[in-house]
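Please find my notes on this entry below, as numbered points. They cover burial, packing, cysteines, surface and backbone.

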Amino acid sequence: MNQILVTEKLYITPELKQKKKAYKISFFLSIFSMIVLSCVYIYAEYDRGRLENVSQDLLEKVVAGEMLKEEVEDTTIAPIQNALVVTMTQEQIVEENVNLNNTLQQEDKNNITSGKFTDSKGNTYSILGVINIPKINSKYPIIAETSDALLKVSVCKFWGSNPNEVGNLCIVGHNYKDSRFFGKVPTLVVGDVVEITDLEGKTLKYKVYDIFTVYPTDTRCTSQLTQGKKEVTLITCTDNGKQRVVVKCTEITE
């Protein structure tokens, strides 16, 4: 009996005690890290849901025509924005747009291309119109400019013409891998329909004619050389975020 007790006492060495202590510390740190990460994830989902509600609030106001009349503006020649969802540079796309912009400057300036709308919190956004993709039940106001903060609220115009005008209206949106924003856009196929409604209430239908993925530095999908046609380009991230899904659409004229 005494021999057994002595043997057990000798087995618990200082090195083993240190290892046990280190294990306990590592275990508690792991639990703490899991709690922190869970809290961050829960808050991120809450924040996304909250901003999704903001976009739907804005959508209702756009549909109802609740525009701040005194702040209506013409954004026919909108400056390029630096969207975080796609990496594109002004140098790569500005040259071919010069002629198009000169043409647009000669169009009727009385047309409403962008209007100010205020959400329930009093925040004001510049809206171009509404995009509706019936197949994936995606309907959102199109914000007139692009930033990381605005992309969390709704889909945004990245470059090109304004809704239902000649040219290529490029719209970017987040892919949250669910039904929000452009999360289901990668599931579209050739022949699907995208509807664009401008602030004058005019709705045009566009048919998907091409779908492909590109790297962020490939800006050819933003080209405004549409041979006088009205086109829409939808851009979002792939599920792994390393490439961009591009959906090309052209106006249905039949």
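1. Buried here means under 20% relative accessible area, exposed means over 50%, and partly exposed lies in between (1.4 Å probe, protein chains only). Phe181 is buried by this rule, with a relative accessible area of 1%. The residue has a positive phi of about 50 degrees although it is not a glycine, and its place is the loop between β5 and β6. Strands (E, at least two residues) and helices (H or I, at least four) are DSSP runs, numbered from the N terminus.

2. This is a predicted model: local features need pLDDT of at least 70, side-chain atom pairs count only at pLDDT 80 or more, and totals for chains, interfaces and linings use all residues. Residues are numbered from 1 along each chain as its sequence is written, and side-chain values use heavy atoms, with hydrogens and water left out.

3. Asn164 also has a positive phi, of about 60 degrees, without being a glycine. Asn164 sits in the loop between β4 (155-159) and β5 and is buried at 8% relative accessible area.

4. The largest nonpolar core (buried Ala, Val, Leu, Ile, Met, Phe, Trp, Tyr and Cys residues joined through side-chain atoms within 4.5 Å) has 25 residues, of which Ile131, Ile133, Ile171 and Leu234 touch the most other members. Two or more residues each come from β2 (124-133), β3 (138-143), β5 (167-172), β6 (193-198), β7 (203-214), β8 (230-237) and β9 (244-251). Apart from this core lies another, of 22 residues, including Phe158, Trp159, Val172 and Val214.

5. Which residues does Leu234 touch, not counting those up to four places away in sequence? With contact taken as heavy atoms within 4.5 Å, the partners include Ile131, Ile133, Ile171, Phe182, Val185 and Leu188. Val194, Val245, Val246 and Val247 are also among them.

6. Ile143, in strand β3, is buried at 1% relative accessibility. Beyond four places in sequence, its contacts include Tyr125, Ile127, Leu128, Leu150, Val153 and Cys156. The C-alpha atoms of Ile143 and Lys116, 27 residues apart along the chain, are separated by 9.8 Å.

7. Cys156 and Cys249 are each buried, Cys156 at 0% relative accessible area and Cys249 at 0% as well. With a disulfide taken as a pair of cysteine sulfur atoms within 2.5 Å, the count is zero.

8. Phe27 lies in helix α2 (residues 14-64) and is partly exposed, at 42% relative accessible area.
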